[in-house]
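Grab a pencil and work through these exercises with the model open beside you. Each one has a task and then a solution in steps.

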Amino acid sequence: MDSKTLVAIISSLAIFSLSTILAICGSKSANFAPVDVKVFANPLSGISPADFSIQVSIYSISPIKNVTIKFEDQEIFRREIKKEEKIQDTNLTEDKYSISITSGGKNVSISFNERITFAGEPAKIFSFVASAETEEKGKGEGKTDVIVYSNQPCSVRIYIASPAGAPIELPPFSVQLGADVTDDRCGNFNHLSGTNCKFKFIWDADNKGGEFSQDGETDQPSFNFTYQELGIYTPRLKVIDDGGNLCENQNIEPVYVLRKFEKFTFIPMEISIPKIQTKFLNPTTVIIISKPDYEITEYEVEKDGRLKFQNIITLTSVDISIGDKFLLAGSGSNVKIFPITASGINWNTYNEITRLSEKIDSITFQNKATFFVFFFGKFVFFCPYKPPDFPGDTGCSTFEMPSEFSGTYGLYADEQNNKIYLAHYQRNTLFKISLHSFNIIYDNTVKIWLVDQNSSTNSEIQINNLPQKFLFFKDTDGKIYLLIPTTDFSRGASYRTYIFEVQPCISGNCSPLSKTNINMPEVIRDIPDLEICTLTDTQKSYTLNAFDATLGNNISLCDTGEICLVSSLCLDEVGGTKCRRISYYPFIFSSGNIKRNLKTNCILTETDAKNILSANFDNLIIHSGRFILSSKISRNKLEIIDSESFNVQPSNISGYQTNEGIFISAAGKEGIKFLKFSNDGALEGTTFHLFVKPDAKDIPGLTYDLVIHPEYSVIEHLYDGKTLVAILQRPGCGEDFNVSGIFAYDMQDQQSLKQRKYKIYKRYNDIGIHSISKVDIKKFSGKYIIDLVGSRCQDPIVDIVSFEIDNFVMKERFRLKIQEPTIDILTYSSDLVYLSTATNIIKIQNGQIRTVATGEGGGILEIYQGYIFEFLTQGPYIKIKVFDGELNKIKEQSIYFGIYPLISKVQITKAIDEIFGTGRDIDIAIVALASPTKQMKVSAMIIFHLTDFLNSGEDIEILGISPNFGIATSDVKYFRGSKNLIFFADLFSRGIFASFLR
């Protein structure tokens, strides 16, 4: 075989071999088809620990040999598909994975749930990767990403789930604690809703401010615990959320396992609103004030405008009414009728009638008849006045009204036509008014005028607001009009005054006069606002609203012979403060129109003086709710001449006890109120009200509105039934020290008290100070010692001044100067004073500093059984320090209180042990606690048991606490009667509370 032939054969074999190999490889390549792998997640994101549902779907044209699933780089699943398995229709469950194999192993579906826990970064992306391989070596891979957000710690608030109300009881005391949880993953839940999340709640129920000590663990936000010992507990809670985070409650919710005070009674200082009426007796005006508790007070307004006290009539009366000839004073079903003459009211004689009524009044026709008017339910009774020598009984004319009597009404005697007009608001209606007309006729049989029961007519008037009062008047043209000031509750103020002509209204054709609805500035279209009230601030816009209106009687600013309507106006700042100012303006009414009074602009006054009692000559009499103000209108300026306060906002209390009862004096803003209680603590009534203020003659050169400024307050006082010593002060500097001062009253001189006459008045200006920060008043051997801490404006030096009052003669005992702020002053005896400053306690004897306890001080001082006690607060603790008379510290103890109390006053005394029933005396300290805001839950006071400490030196134990929260106690007074009675003043309620230990 030649070489060429050999080459040809070898080439042919090579080509054949290559073709065979290619054919074989080609067939193998046909089996390497791709595997379709898809990974799905639901949801795609979540908060750690986040639960995801993962679905893996695999498809291939040839059977699948194995499957692998990885989370991140960690293999979490691997499975081989064996040939001997029946893989045509198989569901296999292995642990948390569910696998479905169908179509001869060509379809594989894998389902599983995966929880991802993550902390640290705000969020992170995690990947699930699935891969599969066939028997012929085919491969495929799929991937999905999920986002997991970091689990933030929850917030939790602990609370008392039960019992409801104030959690105060004696042991054993069972309490259910609850937790209010806010979590970013589990939302909000509490003990009522519970939670499905895996939380741990770790409770420390009996914590008293120390380290956390576990009392129990729950998987729900509630915990039951029974307290076995007395004390104040502040439960704590730790929560481990389902992300492993720890959060703790930050709020404090104390549990008081103590004795409660019993029969906690609030005694408001404004026991009732006085009824006030005025009567014009030419040329004076009489003001009658009826205080339903015990008296009627009478004043006259003199020609110069000054209120002149007349007398106090001791008479129980719930209502008064002044007519032309009589004053009626009614209480229940009894009415006393006092005659009025040209010289005034004759209080020495009266007639008396019996008739049940809600309201009493009278109406007189000159030289004809006088009728007493009684309202009760839907009925009005007109009873003719009978002279004392009149024989027989004429009876009363009775009329049924279309609706219940509301108490707001007006009466008018039409002398010319012998008619009575009555307007009254219909109770429980939407601003509807009934207007009635009654004829009076002369009965020849009984020889007396009567109200004709067959001639009454009535019509209805619709207005848009609630009426304040009704005033009838006759114009110069002889027409009779009805004036109605109203209140708009939706706007929180009175703002519109209606005027109707009566005769058309009686005829059923009633509409307000077109130009006499005083609704500033809409109705008085021809009078620009600034022409009525010239304002100093021209950069702001104001609107005027009518608050009140009255009829002026010959008022000097309306002496044109026309009707004078004096209106109080509210000056609203547009877009700003409502009622920025209050003013008064005397409009002129003539021939059905209101005119601007060209003689005057409006007269500005204090914001709360809205109600006009009367306007006569040059005097305007106003009731502000607290004061009666008698003012002169001349020179377009409101000059306050005098006033009288009726209500007290007490901040300090005093008093004494006799066999007849307990006499309490509550002092503060606007004077002192004196009350009497039985020795069992029952309120028996108000005995007197004293408005503490100097006479104008004692402060020459000062305006009288400074003297009666409502911010003046009796900051401290002592009342023992014989003498009253009071400190009057207005906060601030400047001219206030010319009025603020020390007062002393002889409480046994009733006549001088009625006229507010004092025995001593020593001004701050005479003492050489501007304000007093602390004062203590004590009585020793009939002498009154006043030790005070005062200062001058912007002067860091503090003056310690001591006075003595003996038989109403006042003299200075000593005066010292201190370089640092003073917290409290304690008068120990006539020659011994202790002082608590910011950093020291100082002993002052006979006017000289004897001992200084450096590093102490800062608290309230009290003396008991020869010990000096100091009470102060440090965070949630009340600290008690005890010293001997030389200021050597004997003991110091801190008591955890659970909240942040402020101590305002302390009284230490003996009490009958009614708490535990031992029947012996115990020593207690009554600590009054103040609160800076109404929202803080601070108890009124707590009771400390001092007996064991005083006898053996053991720790002081807390015994009792008041159940009232959210009050600010400023003073406390203890009396030992048949019960352990405690009185204390509250700044928030502006009254006093009475309670007793039981």
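A cavity is a set of grid points where a 1.4 Å probe fits but cannot get out, and its lining residues have an atom within 4 Å of a point. Keep in mind throughout that this is a predicted model.

**Exercise 1. The second largest cavity**

Task: Find out which strand gives the most to the lining of the second largest cavity.

Solution:
- Step 1. Start with the overall search, which turns up 2 cavities of 30 Å³ or more.
- Step 2. Go to the second largest cavity, whose volume is about 80 Å³.
- Step 3. Its lining is made of 12 residues, and those closest to the centre are Tyr299, Ile312, Glu644, His689 and Lys754.
- Step 4. List the elements that give two or more residues: strand 24 (295-301), strand 25 (307-314), strand 56 (683-690) and helix 5 (750-754).
- Step 5. Strand 24 takes the prize, with 3 residues in the lining.

**Exercise 2. The second largest pocket**

Task: Work out which residues lie closest to the centre of the second largest pocket, and which strand gives the most to its lining.

Solution:
- Step 1. The space in this pocket comes to about 1200 Å³.
- Step 2. There are 49 lining residues, and Glu716, Val775, Asp776, Lys905 and Asp971 are the closest to the centre.
- Step 3. Now look for strands that each supply at least two lining residues; among them are strand 53 (649-658), strand 61 (771-780), strand 73 (902-912) and strand 77 (969-976).
- Step 4. Strand 61 gives the most, with 9 residues.

**Exercise 3. A strand from the pocket lining**

Task: Decide whether strand 57 is largely enclosed or left open by the rest of the structure, then describe how it pairs with strand 58.

Solution:
- Step 1. Strand 57 (713-719) is another of the strands that supply at least two residues to the lining of the second largest pocket.
- Step 2. Count the buried residues, where buried means under 20% relative accessible area. In strand 57 that is 6 of 7, so the strand is largely enclosed by the rest of the structure.
- Step 3. Strand 57 pairs with strand 58 (residues 723-729) in the antiparallel sense, over 6 bridges.
- Step 4. For one of these contacts, take Ser713: its bridge partner in strand 58 is Gln729.
- Step 5. Finish at the turn. The hairpin has 3 residues between its strands, and Gly721 takes a positive phi near 90° there.

**Exercise 4. Two open sheets**

Task: For each of two open sheets, say which strands stand at the edges.

Solution:
- Step 1. One sheet has 4 strands in the order 31-32-33-34, paired antiparallel.
- Step 2. Strand 31 (359-365) and strand 34 (397-400) each have a single partner strand, so they are the edges, and one side of each lacks a neighbour in the sheet.
- Step 3. From one strand to the next, the twist averages 20°.
- Step 4. Step inside this sheet: strand 32 (residues 369-376) and strand 33 (residues 379-384) are antiparallel partners over 6 bridges, with Phe372 opposite Cys383 of strand 33.
- Step 5. The other sheet has 5 strands in the order 2-10-9-4-5, with mixed pairing.
- Step 6. Here strand 2 (45-47) and strand 5 (74-80) are the edges; each has a single partner strand, so one side of each has no neighbour in the sheet.
- Step 7. Strand 4 (residues 64-71) runs antiparallel to strand 5, joined by 6 bridges, and Thr68 has Arg78 in strand 5 as its bridge partner.

**Exercise 5. Rings**

Task: Classify the aromatic pair of Tyr867 and Phe949, and explain why it ties together parts that are apart in sequence.

Solution:
- Step 1. The whole structure holds 51 aromatic pairs.
- Step 2. In this pair the centres are 6.4 Å apart and the planes make an angle of 55°, which makes it tilted.
- Step 3. Tyr867 belongs to strand 70 (residues 867-874) and Phe949 to helix 7 (residues 947-952), so the pair ties together parts 82 residues apart in sequence.
- Step 4. Check accessibility: Tyr867 is partly exposed at 22%, while Phe949 is buried at 6%.
- Step 5. For another ring contact, find Lys238, whose charged end sits over the ring of Phe212, 4.4 Å from the ring centre.

Key. Residues are numbered from 1 along each chain as its sequence is written. This is a predicted model: local features need pLDDT of at least 70, side-chain atom pairs count only at pLDDT 80 or more; totals for chains, interfaces and linings use all residues. Side-chain values use heavy atoms; hydrogens and water are left out. Two strands pair if DSSP finds at least two bridges between them. Axes are lines fitted to C-alpha atoms, for helices over the stretch in contact, and angles run from 0 to 180 degrees between N-to-C directions. Rings of Phe, Tyr and Trp (its six-membered ring) pair if their centres lie within 6.5 Å; planes under 30 degrees apart count as stacked, over 60 as edge-to-face and the rest as tilted. Buried means under 20% relative accessible area, exposed over 50%, partly exposed in between (1.4 Å probe, protein chains only). A charge sits over a ring if NZ of Lys or CZ of Arg is within 6 Å of the ring centre and within 35 degrees of the ring normal. On a 1 Å grid over the protein atoms alone, a cavity is a set of points where a 1.4 Å probe fits but cannot get out, and a pocket is an open set with protein on both sides within 12 Å along at least five of seven lines; lining residues have an atom within 4 Å of a point. Grid points are joined across faces, edges and corners, and a volume is the space filled by probe spheres set on the points.
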